Amino acid sequence: MANYIDSNEGKTRIIQELVPGKQITLAHIIANPDIEIYEKLGLDPADDHTGAIGIITMSPAETAIIAADLATKSSGVELGFVDRFSGTLIVTGTVSQVEASVHAVSEYAENTLHFSVCPITKT
């Protein structure tokens with residue numbers, strides 16, 4: 001993300017641009033989410049084994065396909081959403097399954113694909 005500040009005639013204008021690179025920009029685990037979060041995301045809480053939602057965003061966006069493969073192979077998570085155009089992956093499962101899958105995706109991206117990887121956060 002690049003920020004540009006342009007001061008003209010006492011007015012400040014900020015322009016933000018996304019510069020695509022090889023990166024994971026968000027890796028977050030929601031442990032024990034409220035059922036309403038599942039519903040608002042279009043996920044069926046009955047499909048979940050109880051526990052957690054993992055959210056990862058990345059660029060290039062097509063990497064979400066690789067991440068989905070890694071996430072499902074590394075643990076028993078279910079795919080909630082994969083978008084090869086925005087680079088978003090959402091997985092559901094137990095807290096330990098989601099943690100394992102998010103860590104597997106993050107480590108592969110950093111060590112094999114040489115991505116810049118953000119820290120994994122959890123709520």
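## K73 and its partner in helix α2

K73 counts as exposed in this predicted model, because its relative accessibility is 66% and the cut-off for exposed is over 50%. Its side chain meets that of D69 in a salt bridge, with a distance of 3.1 Å from N to O. D69 has a relative accessible area of 35%, so this residue is partly exposed.

Both K73 and D69 belong to helix α2, which covers residues 63-74. The two are four residues apart, which is about one turn of the helix. Side chains of opposite charge can pair when their charged atoms come close.

## A second salt bridge

The count of salt bridges comes to two. Besides the pair in helix α2, the side chains of K122 and E99 meet in a salt bridge, at 2.5 Å from N to O. K122 lies in strand β8 (residues 121-122) and E99 in helix α3 (residues 95-111), so this pair ties together parts that are 23 residues apart in sequence.

K122 is partly exposed, with a relative accessible area of 46%. E99 also counts as partly exposed, at 24% relative accessibility; the cut-off for buried is under 20%, so E99 falls outside that class.

## Negative surface patch

Which residues form the negative surface patch? They are D34, E36, E39 and D44. One of them, E36, is found in helix α1, which spans residues 35-40. E36 has a relative accessibility of 44% and therefore counts as partly exposed.

## Overall layout

The protein has 123 residues, and buried residues make up 37% of them. Its secondary structure comes to three helices and eight strands. Read along the sequence, these elements follow the pattern β-β-β-α-β-α-β-β-α-β-β.

## The nonpolar core

In soluble globular proteins, nonpolar side chains tend to be buried together. The largest nonpolar core here has 20 residues. Those with the most contacts inside this core are I24, I56, M58, L89, V98 and V105.

Which elements give two or more residues to this core? They are strand β3 (23-31), strand β4 (52-59), helix α2, strand β6 (88-93) and helix α3. The largest share, five residues, comes from helix α2. Helix α2 also holds the salt bridge partners K73 and D69, and helix α3 holds E99, the partner of K122.

## I24 and V82

I24, one of the core residues with the most contacts, is found in strand β3. Is I24 buried or exposed? Its relative accessible area is 4%, so I24 is buried, the cut-off being under 20%. The C-alpha atoms of I24 and T63 are separated by 9.5 Å, although the two residues are 39 residues apart along the chain.

V82 is found in strand β5, which covers residues 78-83. With a relative accessible area of 36%, V82 is partly exposed. Between the C-alpha atoms of V82 and T57 the separation is 10.0 Å, and these residues are 25 residues apart along the chain.

Technical notes:
Residues numbered from 1 in each chain as written. Predicted model: local features only at pLDDT ≥ 70, side-chain atom pairs only at ≥ 80, totals over all residues. Heavy atoms only, no water. Patch = residues over 30% accessible without salt bridge, like charges linked within 9 Å, V, L, I, M, F, W, Y side chains within 5 Å. Areas by Shrake-Rupley, 256 points an atom, 1.4 Å probe, with all protein chains shown as cover. Salt bridge = Lys/Arg side-chain N within 4 Å of Asp/Glu carboxyl O. Lys, Arg positive; Asp, Glu negative; His and termini not counted. Charge placed at Lys NZ, Arg CZ, Asp CG, Glu CD. Buried < 20%, exposed > 50% of the residue type's maximum accessible area, 1.4 Å probe, protein only. Core = buried A, V, L, I, M, F, W, Y, C linked by side-chain atoms within 4.5 Å.
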